[in-house]
Amino acid sequence: VSTQSTGKRIYGFKKFSFSFNSSDSSFSATSQQAVQIHSSAIRDMKCKRDMILTVSNDKYIKITSLLTNNCIMEYRCDSSLSSCLLDPVDDHLFYCGLENDTNFLLVFDDRNTSKPLQEIGKVHQKPIHSICYLPASNTILTASQSGLVVIGADGIPQGLGEDVSGKMAQMKGCYYAGYENENFHTCLLVSSFCCIQSHYLWSL
């Protein structure tokens with residue numbers, strides 16, 4: 001969310017407390033708290049237990065405690081960031097997508113944030129807007145308007161298979177790629193001429 005405070009716009013998130021009404025089985029917000037994190041628009045955020053990872057146009061990557069509302073880690077990049085992911089398996093790893101002429105995927109270890117653990121470049125022609133983990137293959141799926149790329153544990157891009165690659169070649173662009181855990185499918189939302197065109201479900 002963004003809020004106006006003393007003439008200055010701040011960017012962060014809002015925490016809500018809810019109470020359950022047993023008479024009609026509904027929830028209602030009893031309190032809310034705004035937490036400032038960034039000085040410019042937040043492009044993506046991911047939560048894991050009591051932490052929230054955010055990336056912003058202010059060029060900062062930040063991890064904030066949801067218990068204390070304090071920033072526990074920050075890293076400044078050379079350009080804006082477009083996407084992020086907290087690794088669901090390794091509690092120390094997280095991933096961020098840069099928005100510049102490289103469109104790098106940055107891999108970080110929170111035990112040493114002086115520099116990225118790995119910089120994976122030249123995999124996308126456009127900024128990465130979605131990053132998700134594929135548990136069946138222990139790989140990272142990245143998506144941009146130029147397509148899908150799967151990154152192996154060694155940081156090397158992998159093929160998508162003939163079925164997925166063939167469908168990708170017919171697409172006009174992609175808005176979002178996400179992982180649907182229950183049925184172990186990747187859900188890709190495709191757009192054409194700024195309109196939602198279709199959903200595709202593939203096993204990856």
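Two residues are in contact when heavy atoms of theirs lie within 4.5 Å of each other, and this tour will use that idea at several stops. The model on your screen is a predicted one, in which local features need pLDDT of at least 70 and side-chain atom pairs count only at pLDDT 80 or more, while totals for chains, interfaces and linings use all residues. Residues are numbered from 1 along each chain as its sequence is written, and side-chain values use heavy atoms, with hydrogens and water left out.

**The whole chain**

Begin with the whole chain in cartoon view, where you can look for one helix and 18 strands; helices (H or I, at least four residues) and strands (E, at least two) are DSSP runs, numbered from the N terminus. Of the 204 residues, 42% count as buried, where buried means under 20% relative accessible area, exposed means over 50%, and partly exposed lies in between (1.4 Å probe, protein chains only). If you then switch on the surface, the chain exposes about 11400 Å², of which carbon and sulfur atoms supply 49%; such areas come from the Shrake-Rupley method with a 1.4 Å probe, and for residues only the protein chains shown count as cover.

**First sheet: β4 to β7**

Next, select residues 42-48, which are strand β4, and residues 71-76, which are strand β7: these are the edge strands, each pairing on one side only, of an open four-stranded sheet with the order β4-β5-β6-β7 and antiparallel pairing. Two strands count as paired if DSSP finds at least two bridges between them. Strands of a sheet pair through backbone hydrogen bonds, either parallel or antiparallel. Within this sheet, β6 (residues 60-65) is joined to β7 by five bridges in the antiparallel sense, and by selecting Thr64 you can find Cys71 of β7 standing opposite.

Before leaving, select Lys59, in the loop between β5 and β6, whose phi is positive, about 80 degrees, although Lys59 is not a glycine. Is Lys59 buried or partly exposed? Lys59 counts as partly exposed, because its relative accessibility is 27%.

**Second sheet: β8 to β11**

Now move to the open sheet whose four strands follow the order β8-β9-β10-β11, again with antiparallel pairing. Here β8 and β11 (118-120) stand at the edges, and each has a single partner strand, so one side of each is left without a neighbour in the sheet. From one strand to the next the twist averages 20 degrees, with axes taken as lines fitted to C-alpha atoms, for helices over the stretch in contact, and angles running from 0 to 180 degrees between N-to-C directions.

Select β9 (residues 93-98), in which six of six residues are buried. Leu93, Tyr95 and Gly97 point one way from the strand, whereas Phe94, Cys96 and Leu98 point the other way. On one hand, β9 pairs with β8 (residues 81-86) over five bridges, with Leu86 opposite Phe94; on the other, five bridges join β9 to β10 (residues 105-109), where the bridge partner of Phe94 is Phe108.

Six residues lie between β9 and β10 in their hairpin, and one residue to select there is Asn103, whose phi is near 55 degrees, a positive value in a residue other than glycine. Asn103 counts as buried because its relative accessible area is 3%.

**The nonpolar cores**

Show the side chains of Leu53, Ile61, Cys77, Leu81, Phe94 and Cys96, which touch the most other members of the largest nonpolar core, a group of 16 residues. A nonpolar core is a set of buried Ala, Val, Leu, Ile, Met, Phe, Trp, Tyr and Cys residues joined through side-chain atoms within 4.5 Å. Another core, of 13 residues, lies apart from it and includes Leu93, Val107, Val149 and Ile151.

**Last stop: Thr142**

Finally, select Thr142 in strand β13 (residues 139-144), which counts as buried because its relative accessible area is 0%. Which side chain makes a polar contact of 2.8 Å with that of Thr142? The partner is His124, a polar contact being a pair of N or O atoms within 3.5 Å, where within protein one must be able to donate a hydrogen and the other to accept it, and residues adjacent in sequence count only if both atoms are side-chain atoms. Leaving aside neighbours within four places in sequence, the residues in contact with Thr142 include Leu105, Ile128, Ser130, Leu148 and Val149.
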